[in-house]
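Q: I am new to this structure and would like a close look at one part of it. Could you walk me through it in a friendly way?
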Amino acid sequence: MPRRSSKGPRLWLQPERRSANGSIERAVWCILDDRGIKRRTGCAEGERREAEDKLAAYIHSKRTSERARDRAASEVLIADVLSIYSVDVAPRQSRPKEAGARITRLSDWWGVKRLSDVTGRSCRAYAEHRGSPAAARRELEDLRAAINHHRAEGLCREVVEVVLPDKGEPRTRWLTNREVAKLIWTAWHYREMQDGRPTKRRPWRHVARFILLAVYTGTRAGTVCASSFAQEEGFGWIDLERGVWYRRPEGIAETKKRRPPVPLPDRLQAHLRRWSKRQRYPVEFNRNPVGDVDKAFRLVVEASGLGEDVTPHTLRHTAATWLMQRGVELWEAAGYLGMTVETLERVYGHHSPDHLKNAVAAMDGKKTEKNVRTDAERSESAIVSIAKKRRKSAN
């Protein structure tokens with residue numbers, strides 16, 4: 001994909017490529033917009049004149065009807081819906097760059113279609129085209145949000161439903177203390193190789209710092225990377241004087257993926273104080289904050305000999321699992337992780353030492369906590385009754 005510039009809509013020849021299902025897609029002319037929108041014209045490489053006609057029609061329709069109000073679904077191009085969403089909503093999201101990439105993928109397939117073409121069948125066809133149900137679901141969620149925003153702006157008078165693929169089972173892979181220690185050791189001690197010999201460069205140390213922050217606090221990878229030891233726009237603030245990590249940057253709206261402030265454990269604070277004397281960001285490379293650690297983390301996992309199912313998000317699962325295993329109250333653990341109590345109980349509750357203990361006690365013929373409380377209440381009631389009788393006798 002060529003680098004975008006502010007030249008307005010223009011043609012671009014997408015070369016021949018292999019699709020996700022293995023079929024060969026021919027080279028085709030596409031219309032590129034500054035907002036990250038890409039629309040197929042349906043014109044082959046030798047049909048440049050026809051492609052130019054479609055570009056002219058696109059520019060005309062964009063100027064005259066992109067925000068025309070109260071239209072029917074059959075009159076609205078999905079490319080226009082995604083374009084409006086990319087301007088009005090996507091830039092305010094916590095990860096606008098990733099949102100833009102998803103919009104581009106959506107426009108590649110949906111751009112030439114109209115809102116009336118959004119059906120259960122077309123949504124399933126898109127999921128098959130993507131090849132990954134999880135990726136298709138996330139992108140279709142963006143499409144649904146874009147359509148809802150378009151209708152809320154009064155630009156379409158019909159309700160259009162997006163059918164999502166089934167939600168996959170949540171990943172519950174978590175790491176033991178030994179596995180976490182192995183990851184940190186590998187990331188910290190690895191040395192870059194040149195001509196078959198180790199150099200003095202240690203390019204994975206930022207990953208070791210990332211692992212410590214993520215596993216001690218259960219914070220999502222994007223939030224860990226977007227944090228600073230100083231207050232600055234667009235970054236969470238690690239306040240070492242108060243020992244609090246304000247994970248949500250100022251001016252950024254709260255989303256479903258909550259980022260409440262979290263008190264820092266003493267052991268982690270000791271690491272952070274050392275790091276803050278040498279660098280501005282807890283996770284940085286060559287004096288710059290790291291946008292994401294996915295690639296480097298994958299290399300560390302591979303060098304550590306752990307399975308491919310270990311991802312940066314596994315550290316959040318690990319923190320939640322450890323809290324449950326150590327008997328922390330659900331509401332307190334949920335607040336610490338920035339997670340709802342319902343999600344924590346549903347996904348991680350089975351790790352709690354108290355999980356189903358009353359059911360086990362009942363099967364063993366023992367008294368459950370509820371029965372024990374009932375006996376205590378009966379005893380208390382009996383004591384009160386005896387005391388009343390004695391007072392009456394005394395009177």
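In which helix is confidence lowest in the protein, and in which is it highest? After that, please look closely at helix α2.

A: Happy to help! This is a predicted model, in which local features need pLDDT of at least 70 and side-chain atom pairs count only at pLDDT 80 or more, while totals for chains, interfaces and linings use all residues. Residues are numbered from 1 along each chain as its sequence is written, and side-chain values use heavy atoms, with hydrogens and water left out.

Confidence here is pLDDT, the predictor's confidence in each residue, from 0 to 100. Helices are DSSP runs (H or I, at least four residues), strands are too (E, at least two), and both are numbered from the N terminus. Confidence is lowest in helix α15 (residues 369-394), with a mean of 55, and highest in helix α7 (residues 205-217), at 96. For the protein, the mean pLDDT is 83, and 80% of residues reach 70 or more. Residues 372-376 stay under 50. Where pLDDT is low, the predicted coordinates should not be read in detail.

Now to helix α2 (residues 78-88): it is largely enclosed by the rest of the structure, because 10 of its 11 residues are buried. Buried means under 20% relative accessible area, exposed over 50%, and partly exposed in between (1.4 Å probe, protein chains only). The buried residues of α2 are Ile78, Ala79, Asp80, Val81, Leu82, Ser83, Ile84, Tyr85, Ser86 and Asp88. Among the elements that cover them are β5 (38-44), α3 (96-110) and α5 (133-152).

Methods: Contact = heavy atoms within 4.5 Å.
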